[in-house]
Amino acid sequence: MATVDSFQLLYGEISRSFNPYIETLALIGALYAARRAVILLRDCCALVRVHFLPRIIPSKKLTQRFGDWAVVYGAAETVAKAYAEELARHGVSIIFVTQDHTSVRDTAATLSQSYGVETVVVAADFSLEKAAGNPIKEALRGKDIGFLVNCVESVASPQSLIEMPEQSVLNLVNKNVAVATLMTRLVLPGMLERSRGAVVNISSGACSKPLPGRVTLTASTGYMDHFSRALHLEYSYKGIFVQSLTPFQIASSEQQPSSSTPMSRPGWFVPKPEVYARHAVSTLGVSNRTTGYWPHTLQYGLMKRIPEWIWVLGSRMLIS
């Protein structure tokens with residue numbers, strides 16, 4: 001009995017000596033939990049502000065806020081084509097810039113008939129280097145260009161860098177980096193003269209984490225994302241809104257002959273192109289860096305919180 005009493009007495013003395021440390025740890029835990037709660041509340045408020053309020057609260061017409069014409073490069077991609085159609089639905093006329101005019105000719109005709117807007121298709125051979133900009137400059141002359149939409153070309157299937165033909169690598173980098181930068185250089189001066197306009201660079205959520213078999217896509221989308229943020233920093237105070245759109249997977253009802261995007265079934269996290277475009281256009285002037293679609297923003301938030309070493313380990317297991 002005396003042994004039990006001695007143990008209880010010893011345990012009580014030890015507990016009392018550790019009380020200050022326990023209280024300190026409890027305070028640290030409470031502060032950490034409060035900090036996480038504040039961050040969660042901030043993210044929820046940002047989600048509502050970017051993706052829901054613009055669709056509820058009416059605003060000025062896009063043509064009044066930015067301009068009457070949009071220049072779209074990369075419309076062979078499903079998401080860019082849907083984005084151009086959404087702009088046309090708002091009364092914006094479209095200039096399609098493409099290397100193969102047959103890929104967007106039918107789209108241009110459909111938009112003119114369906115929405116009563118003007119459409120122009122400019123065939124530009126970017127292999128001609130500086131001379132490639134001449135037909136584009138001619139098409140821009142005298143028009144109130146309010147939008148520039150650049151879309152990154154996707155990769156059909158996972159492929160390691162050494163498996164890609166050298167010419168394919170050069171073409172992909174040229175289209176996704178050099179040409180998109182050149183298009184911005186050609187359109188931006190007119191926007192600066194009018195002190196208004198929007199540059200929208202559509203890349204991919206692949207820029208948030210490295211993906212196996214997508215080296216060139218991850219790198220080029222990362223460039224477009226940082227390019228957009230740098231442009232916004234440099235020209236936002238001059239009335240130019242620059243937005244980096246980083247969508248995740250988007251469904252395609254049918255495989256386009258000129259598109260390299262694989263088919264996928266629509267769902268909550270895989271929206272139809274027209275659904276995504278409707279959400280993305282509503283974020284114009286609201287957020288300069290967004291996925292454009294709120295379920296994709298949830299995906300991005302989850303990916304961002306996964307430690308890099310866990311992501312790499314999981315990717316290697318997936319490859320094996």
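Two strands are taken to pair if DSSP finds at least two bridges between them. Strands and helices are themselves DSSP runs, numbered from the N terminus, with helices (H or I) having at least four residues and strands (E) at least two. With these terms in hand, the sheet can be described: seven strands form an open sheet in the order S3-S2-S1-S4-S5-S6-S7, and the pairing is parallel. The edge strands are S3 (119-123) and S7 (289-290), each of which pairs on one side only. In general, strands of a sheet pair through backbone hydrogen bonds, either parallel or antiparallel.

The structure is a predicted model, in which local features need pLDDT of at least 70 and side-chain atom pairs count only at pLDDT 80 or more, while totals for chains, interfaces and linings use all residues. Residues are numbered from 1 along each chain as its sequence is written, and side-chain values use heavy atoms, with hydrogens and water left out.

As a first overview, the protein has 11 helices and seven strands. Of its 320 residues, 42% are buried, where buried means under 20% relative accessible area, exposed means over 50%, and partly exposed lies in between (1.4 Å probe, protein chains only). The accessible surface of the protein comes to about 17,800 Å², and carbon and sulfur atoms account for 61% of that area. Such areas come from the Shrake-Rupley method with a 1.4 Å probe, and for residues only the protein chains shown count as cover. Contacts, defined by heavy atoms within 4.5 Å, often link distant parts of the sequence: among those in the protein with a separation of 6 or more, 74% join residues 24 or more positions apart.

Within the sheet, strand S1 (residues 69-73) makes five parallel bridges with strand S2 (residues 93-98). Here Tyr73 stands opposite Val97 in S2. Helix H5 (residues 102-115) packs on the sheet and touches S2 and S3, its direction making about 175° with that of S2. Helix H7 (residues 166-194) also packs on the sheet, touching S1, S2, S4 (145-151), S5 (197-202) and S6 (240-245), and its direction makes about 170° with that of S4. For these angles, axes are lines fitted to C-alpha atoms, for helices over the stretch in contact, and the values run from 0 to 180 degrees between N-to-C directions.

Strand S4 comes next to S1 in the strand order. S1 and S4 pair in the parallel sense over five bridges, and the bridge partner of Val72 in S4 is Val149. S4 is also joined to S5 by five bridges, with the two strands running parallel; Leu148 has Val199 as its bridge partner in S5. Seven of the seven residues of S4 are buried, so this strand is largely enclosed by the rest of the structure.

Several residues outside the strands help to fill in the picture. Ala139 lies in helix H6 (residues 133-140) and counts as buried because its relative accessibility is 12%. Leaving aside neighbours within four places in sequence, Ala139 is in contact with Ile95 and Val122. The C-alpha atoms of Ala139 and Val97 are 9.7 Å apart, although 42 residues separate the two along the chain.

Thr218, in helix H8 (residues 215-235), is likewise buried, at 15% relative accessibility. Beyond its neighbours within four places in sequence, Thr218 touches Ala206, Cys207, Lys209, Pro210 and Leu211.

Two loop residues are partly exposed. Ser195 sits in the loop between H7 and S5 and has a relative accessibility of 44%. The phi angle of Ser195 is near 55°, a positive value in a residue other than glycine. Gly285 belongs to the loop between helix H9 (273-282) and S7, and its relative accessible area is 43%. Apart from neighbours within four places in sequence, Gly285 is in contact with Arg65, Phe66 and Phe241. Its C-alpha atom is 9.5 Å from that of Ile240, which is 45 residues away along the chain.

On the surface, Val48, Phe52, Leu53, Ile56 and Ile57 make a nonpolar patch of about 440 Å². One of these residues, Ile56, is found in helix H2 (residues 53-56) and counts as exposed because its relative accessibility is 63%. Patches are made of residues with over 30% relative accessible area and no salt bridge, with like charges joined within 9 Å and nonpolar side chains (Val, Leu, Ile, Met, Phe, Trp, Tyr) within 5 Å. A salt bridge, in turn, is a side-chain nitrogen of Lys or Arg within 4 Å of a carboxyl oxygen of Asp or Glu.
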